Amino acid sequence: MYDFELVKPSTVEEAVKALSGDEAQPLGGGQTLIPTMKQRLAMPGTLVSTTGIASMKGVSASGGVLTIGGATTHGTVAKEAASSYPGLAAMAANIGDPAVRNRGTIGGSLANNDPAACYPAGLLGSGGTVVTNSREIDADDYFQGLFTTALEEGELITAVRFNIPEASNYQKFEQPASRFALVGVFVAKHSDGVRVAVTGASEEGVFRWTEAEEALSSNFSPDAISGLSVDASGMMGDIHGTPEYRAHLVNVMTGRAVKAAG
Amino acid sequence: MPTVSMTVNGKPVSGEAEGRTLLVQFLRETLGLTGTHVGCDTSQCGACVVHVDGEAVKSCTMFAAEADGAEVKTIEGMANADGSLSVIQQAFQDHHGLQCGFCTPGMVMSAAALLKDNPKPSEAEIRDYLEGNICRCTGYHNIVKAILAASGQEVTPIAAE
Amino acid sequence: MPKDHGIGASTKRREDVRFLTGKGRYTDDINIRGQAYVHFLRSDVAHGKINAVGTSEAETAPGVLRVFTGKDFEGVGGIPCGWQITDRQGNPMQEPAHPVLAQGKVRHVGDPIAAVVAETYEQARDAAEKINLDITELPAVMNMKAALEDGAPKVHDDLTSNLCYDWGFIEDNREAVDQAIKSAHHVTTLELVNQRLVANPMEPRVAIGDYASYSDESTLYTTSQNPHVIRLLMGAFVLGIPEHKLRVVAPDVGGGFGSKIFHYAEEAFCTFAAKQLKCPVKWTSSRSEAFMTDAHGRDHVTRIELALDAEGNFQAIRTETYANMGAYLSTFSTSVPTYLHGTLMAGNYKTPNIYVNVKAVFSNTVPVDAYRGAGRPEATFQLERVIDKAAREMGIDPVEIRRKNFVTEFPYATPVAVEYDTGDYNATMDKALEIADWDGFDARAAESAKKGLWRGRGINTYIEACGIAPSALVGQLGARAGLYESATVRVNATGGLVVMTGSHSHGQGHETAFPQVIAEMIGIDESMVEIVHGDTANTPMGMGTYGSRSLAVGGSAMVRATEKIIAKAKKIAAHLMEAAPEDVELKDGQFSIAGTDKSVAWGDVCLAAYVPHNYPLEELEPGLEETAFYDPANFTYPAGAYICEVEVDPDTGKVRIDRFAAADDFGNVVNPMIVEGQVHGGLAQGIGQALLEGCAYDDSGQLISGSYMDYAMPRADDVPSYSVDHSCQTPCTHNPLGVKGCGEAGAIGSPPAVVNAVVDALQRNGKDVTHIDMPLSPSRVWAAMNG
């Protein structure tokens, strides 16, 4: 990979300052960024590591909101959110593999917004807020297509807030090689309605399946969506699944998530 | 070039590392600890798994400078103090849990991390936990058996005429 | 009681200790003082004309020692092919040049264009980005049938077409086969793809060239299954270095599965560049690079017809196969679809008429060569799939139709040129049915149905020809090498032995199993025997390890050498005991004379051989060291029956393997633990082929599955615990150990069992699906059941 300077700030302020430099980029756990850099597909001049910033780590719940520091690993979320938000904790517990979960961070995952990643579905399904060093971004405004988010250059995700639903479940149908989501569906039953967020499937990245949300809001059972379908025309197609197959799986995984959420 | 210091297998070490120097390169090339292997470049095969501050990580997907000040444990530090094989290592030998040996260091390090968190895992839990460790030789059967045995659980004896 | 030592004991592997403590010594662990690093600039287009390779900027980049291009290799030989096939008309195959670095054209993504040698790897890679390439992209030749059409673009402009050969086997059978099919009661036809695979040993390839100017000797450290073969091919055909000035070392090797048999351009490059630059040159492949440079496996497209009489007796088999060679001919590539495939088309069955046609085709893809099983999995898969389909069409039980057609009398000469020496296919079938609990299927199917899952079962048998092979036979068939094996057994003065073998262990456990044989023969402890392998400087010329041949061929050489040792030792013992050599017996490490109390210990005889104070010097030379070269009389023929049970999720098409049973006949077994481990590994690779793995290119020749992100390797949770058995043993009749070889069986026998099981699950649930091409990914299974 190309060489760069690694800086390890201990506060958000120091990190933001470092990020204002030329070609500077945050480094979370690096579980996606480092492989990308090995292929020489990214060439940051400076990497600003977030793992030493204590204020960006940790999981806390209060008032129906789960707050996760931006530098918190998936492994930590899996353990520490288990009682307060089991649906999200279970999702985190199945990202990558154990060693990846010990490094990969929520901030890194959401900033990258891989179209097959799990966290985008978790956040969009929950509803909530991305907190950065400079502002708060509503989950519904945050995701803007493949690998694209509302983040500005040099902006750092310091925390993520999730609205804790009454019931929730995430169903990931794994792509056999990468074990990323071929289709992943996060279903959250909130007091004011159901949210269904789908990752892995669409050419536009994570999306809310509003038709299913409406049906499930009036009847939270798998039967409610059995007659629904998503349009295959906007779905991704590759050697692991045709658009039609992905569209079909969206329905199947949504039904399973609803059933598991109870 | 910046200097990186850490404790590896209980011994304080330091050496020069560029920003881009991976932990696995630092271990293999700077420290000569070649037991940790590199089998892929997409963070999937797990041949490079080591423990950093007690947690299993992929040393090919972490910069050496990120481990500055950390406690690192590699396969070279897994044997008992008297040099005999540890329980997990011995179980891998007893149950033929390795063939070419290339993935083995990562397997042993992952197994140790699993058993720390889950001292009596089921077969399904072991198979699930090994998602990030690829073995091309054993078909996993005897690796799973070795880990079950290392956790003190009953396993069928190895083949015999 | 199970044996605790010698032949038949599950001796724990001694090599494990170094692997488990991080002390293994793999090629990448070797660093030589002053070494430089090479990075290969590789083609990112599948097919193109090289107009210019501008290296001036790269040459002056920091740390760069030299930039090499195809021009530097104009006076150097090309990478050779080791097997010449003769086509149906009696003409030799078309054989293109294969330069070390591309000359004139690039022919696949990954074809090396230039090589930058620099002080550090990153400097070499940085400099490679400064090379100015001018390449005109040409249409890629990807589809094999289209490649053979008139006017198709050609991979090699100097050849007449993209056809390497059109091979008929046996051409004299053809008319009878056509007639039998025409007049048959029933003919079942199946068209299928045996998809391209990537071997993926976990250790990527590495090569280090070193040159000693003081002795004018070159050394290559490389990840090879057969260092002597590399020395011969590279020395004689590529670089023109005599073998006494060339040493090839293959230390601990992290798996091979065939892909490390072949001589690769990077090996020749590093050896060449080290001599040019007078410094060691090291190359370490990344996994991504491995996907586009390691020889791939399989890649056949086949149409098979099976003719049956009204009772289900097989009357004839006719096949037509297109075999992808890729862009160049890799070392053993041409033999795989022919003599390792056509000769196995009889399977375990007494089909009287068989004709096999294979068209080998060049394409703009990575070269294809042997991968675990090599030709035999392709034969087994098509045969066992078409039998399954025929059984269904004719309403005959899949076990019954197989039993009805089994070869039961041995030796049996097939219509495809091989003679099975021994076997008992009903015995392995019975055993497979037993360990699979065949009769308990219905109850398990009912349990699956309660979970909403469809259970199916698949059965098949296999036979393979391994222990490759008699040199005279393979020579007649076009092999440009012999296929014997060698061993030198050196007894030291204090009684310990060192065996220098031409076989090479890259996971098979020779360091443990070979001593078991010698310990049994002499009656000494296994710890007194050390195995040396993997270095041409200290082992006799040997052909290496592949084709499940180490114990059958290399082990036999060791037995022969040890027999010579024992014969000589008996003479020495006879002298010491003042008896006749023919009266001397050796048991438990003691020489004795029957009917007397005279005895002398193994160690005393060894000492006498090296301190010959009381020794028959006029009749016998001092010392105790013997070499044997063993060239077998025939292949060995392991066989078995495999049964797979799957659960298919009808909502997603996902297949889960619930049970897998394998009953094999490997003849005699030296170390059952190791044998079972070999079967386990083969099963995982076969299951991987059946369900997960597939090397995919797009129409422009770009490699889609170029990393583990898209090439699905079997993980621990993709496979079950297996039930394996090797208690059915019909010893090989022609090697001294009676062993057959077990390394490839699992990979050969398992894919059809899995596919048969999935098809069975769908059929039982009303889906008229007769075949799905591998890998049976969820997407494909779902498409098939909804098609």
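**Exercise 1. Find the bridge partner of C:Q590 in β24(C), and then describe the sheet around it.**

Solution. In this predicted model, C:Q590 has C:A601 as its bridge partner in β24(C). The next step is to place this bridge in its strand pair: β23 (residues 590-593) of chain C pairs with β24(C) in the antiparallel sense, and the pairing runs over three bridges. Widening the view, one finds an open sheet of three strands in chain C, ordered β22-β23-β24, with antiparallel pairing. Its edge strands are β22 (584-587) and β24 (599-601) of chain C, each of which pairs on one side only, and from one strand to the next the twist averages 25 degrees.

Helices can now be added to the picture. Helix α15 (residues 550-577) of chain C packs on the sheet and touches β22, β23 and β24 of chain C, its direction making about 120 degrees with that of β22(C). Helix α16 (residues 602-610) of chain C lies across β23 and β24 of chain C, and runs at about 70 degrees to β24(C).

**Exercise 2. Describe how domain 1 of chain C meets domain 3 of chain C, beginning from the division of the chain.**

Solution. Chain C is divided into domain 1 (27-138 + 202-255 + 260-293), domain 2 (296-469 + 634-785) and domain 3 (484-630). Taken over C-alpha atoms, the centres of domain 1 of chain C and domain 3 of chain C are separated by 40 Å. Their contact takes 16 residues from domain 1 of chain C and 14 residues from domain 3 of chain C.

Looking at the side that belongs to domain 1 of chain C, one sees that α6 (227-239) and β11 (246-249) of chain C each supply at least two of its residues, and that the largest share, four residues, comes from α6(C). By class, this side of domain 1 of chain C has eight nonpolar, five polar and three charged residues.

**Exercise 3. Characterise the side of chain C that touches chain A.**

Solution. The count comes first: 15 residues of chain C are in contact with 11 residues of chain A. On the side of chain C, the largest share, three residues, is provided by helix α19 (residues 778-785) of chain C. That side divides into nine nonpolar, four polar and two charged residues.

Chain A, for its part, is divided into domain 1 (5-49), domain 2 (56-163) and domain 3 (167-261), and 33 Å lie between the C-alpha centres of domain 1 of chain A and domain 3 of chain A.

**Exercise 4. Decide how α3(B) and α5(B) are oriented to each other, and list the residues of their contact.**

Solution. The axes of helix α3 (residues 104-117) of chain B and helix α5 (residues 141-150) of chain B come within 11 Å and cross at roughly 40 degrees. Because angles under 35 degrees count as roughly parallel and 65 to 115 as roughly perpendicular, α3(B) and α5(B) are therefore oblique to each other. Their crossing is right-handed.

The contact is made by B:M107, B:A111, B:L114 and B:L115 of α3(B), together with B:I143, B:I147 and B:A150 of α5(B); by class, the residues of this contact are seven nonpolar, no polar and no charged.

**Exercise 5. Describe the hairpin of β3(B) and β4(B).**

Solution. Strand β3 (residues 49-52) of chain B and strand β4 (residues 55-58) of chain B pair in the antiparallel sense over four bridges, and within this pairing B:H51 has B:A56 as its bridge partner in β4(B). The hairpin has two residues between the strands, and B:D53 takes a positive phi near 50 degrees.

Note on methods: Residues are numbered from 1 along each chain as its sequence is written. Chains are lettered from A and ligands numbered from 1 in the order in which they are written. This is a predicted model: local features need pLDDT of at least 70, side-chain atom pairs count only at pLDDT 80 or more; totals for chains, interfaces and linings use all residues. Two residues are in contact if their C-beta atoms, placed from the backbone, lie within 7 Å. Ala, Val, Leu, Ile, Met, Phe, Trp, Tyr, Cys and Pro count as nonpolar, Asp, Glu, Lys and Arg as charged, and the others, Gly among them, as polar. Domain bounds come from an automatic or database domain assignment. Two strands pair if DSSP finds at least two bridges between them. Axes are lines fitted to C-alpha atoms, for helices over the stretch in contact, and angles run from 0 to 180 degrees between N-to-C directions. Angles under 35 degrees count as roughly parallel, over 145 as roughly antiparallel, 65 to 115 as roughly perpendicular and the rest as oblique. A crossing is left-handed if the near helix is turned anticlockwise from the far one by less than a right angle, and right-handed if clockwise.
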